[in-house]
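The following exercises concern the reading of local geometry, burial and packing from a model. Each task is followed by a solution in steps.

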Amino acid sequence: MKHLFKKLIKTHSNLGFSIARLTLGLVIFPHGAQKLLGLFGGYGYSGTMESLTAQMGLPSIIAFSVIMIEFFGSISLVLGLFSRFWAISLAGMFTGIIITTQLEHGFFMNWYGNQAGEGYEYSLLVIGLALSIVFNGSGKWSIDSLISKK
């Protein structure tokens, strides 16, 4: 178990990996805050659970996971705490989003509102940043880096 923990927090002390981690965390945070707290014009926890389960047909555990990953995962990424775990969670979640809702709408996002839904270009960017973190760790200036030195 100790070996697994060390692998989880091991990181390369590289500024580029920190930039990927911070970018991903900062971009995802408002989405999580919308879903959990109702900030930035969001529905909050109850409204998001209702939307994801009743309207989109997701199982409750998946809807709950989406909210938790986006909110707590984004904060943890900004802090650089267990970044690999949160990054793989985001990569998996956004892969699911592509497969279940975006693939049929093509590559491009719905910039002008003339498509029936969103394309998957944004999701690919999230997955790319997340995989960079999964393979390289939190980078410089992270809690993972501080813990792994001890």
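**Exercise 1.** State where Phe 82 is placed, and determine whether Phe 82 is buried, partly exposed or exposed.

*Solution.* Step 1: Phe 82 belongs to the loop between helix 4 and helix 5, where helices are DSSP runs of H or I with at least four residues, numbered from the N terminus. Step 2: its relative accessibility is 27%, so Phe 82 counts as partly exposed; buried means under 20% relative accessible area, exposed over 50%, and partly exposed in between (1.4 Å probe, protein chains only). Step 3: the phi angle of Phe 82 is near 55 degrees, a positive value in a residue other than glycine.

The model is predicted: local features require pLDDT of at least 70 and side-chain atom pairs count only at pLDDT 80 or more, while totals for chains, interfaces and linings use all residues. Residues are numbered from 1 along each chain as its sequence is written, and side-chain values use heavy atoms, leaving out hydrogens and water.

**Exercise 2.** Carry out the analysis of phi, place and accessibility for Trp 141.

*Solution.* Step 1: Trp 141 sits in the loop between helix 6 and helix 7. Step 2: its phi is near 60 degrees, again a positive value in a residue other than glycine. Step 3: Trp 141 counts as exposed because its relative accessibility is 64%.

**Exercise 3.** Describe the surroundings of Thr 11 and relate them to Ser 145.

*Solution.* Step 1: Thr 11 lies in the loop between helix 1 and helix 2. Step 2: a relative accessible area of 16% is why Thr 11 is classed as buried. Step 3: with neighbours within four places in sequence left aside, its contacts (heavy atoms within 4.5 Å) include Arg 84, Asn 136, Gly 139, Ser 145 and Ser 148. Step 4: the side chain of Thr 11 reaches the backbone nitrogen of Gly 139 at 2.5 Å. Step 5: Ser 145, in helix 7, is buried at 7% relative accessibility. Step 6: not counting residues up to four places away in sequence, Ser 145 touches Thr 11 and Gly 139. Step 7: Ser 145 and Ile 9 are 136 residues apart in sequence, yet 7.2 Å apart in space, C-alpha to C-alpha.

**Exercise 4.** Which residues of the largest nonpolar core touch the most other members, and which helices supply the core?

*Solution.* Step 1: a nonpolar core is a set of buried Ala, Val, Leu, Ile, Met, Phe, Trp, Tyr and Cys residues joined through side-chain atoms within 4.5 Å. Step 2: the largest one has 26 residues, of which Leu 24, Ile 28, Leu 77, Leu 90, Met 93, Phe 94 and Ile 133 touch the most other members. Step 3: helix 2, helix 3 (44-55), helix 4, helix 5 and helix 6 each supply at least two residues of this core. Step 4: the buried residues of helix 5 (residues 83-102) include Leu 90, Met 93 and Phe 94. Step 5: the cover over the buried residues of helix 5 includes helix 1 (2-9), helix 2 (15-37), helix 4 (60-79), helix 6 (121-136) and helix 7 (143-149). Step 6: Met 93 touches Val 66, Ile 69 and Glu 70, not counting residues up to four places away in sequence.

**Exercise 5.** Determine whether Lys 35 is buried or exposed, and list its contacts.

*Solution.* Step 1: Lys 35 is located in helix 2. Step 2: the relative accessibility is 18%, so Lys 35 counts as buried. Step 3: beyond residues up to four places away in sequence, Lys 35 touches Gly 44, Tyr 45, Thr 48, Val 66, Ile 67 and Glu 70.

Technical notes:
A polar contact is a pair of N or O atoms within 3.5 Å; within protein, one must be able to donate a hydrogen and the other to accept it, and residues adjacent in sequence count only if both atoms are side-chain atoms.
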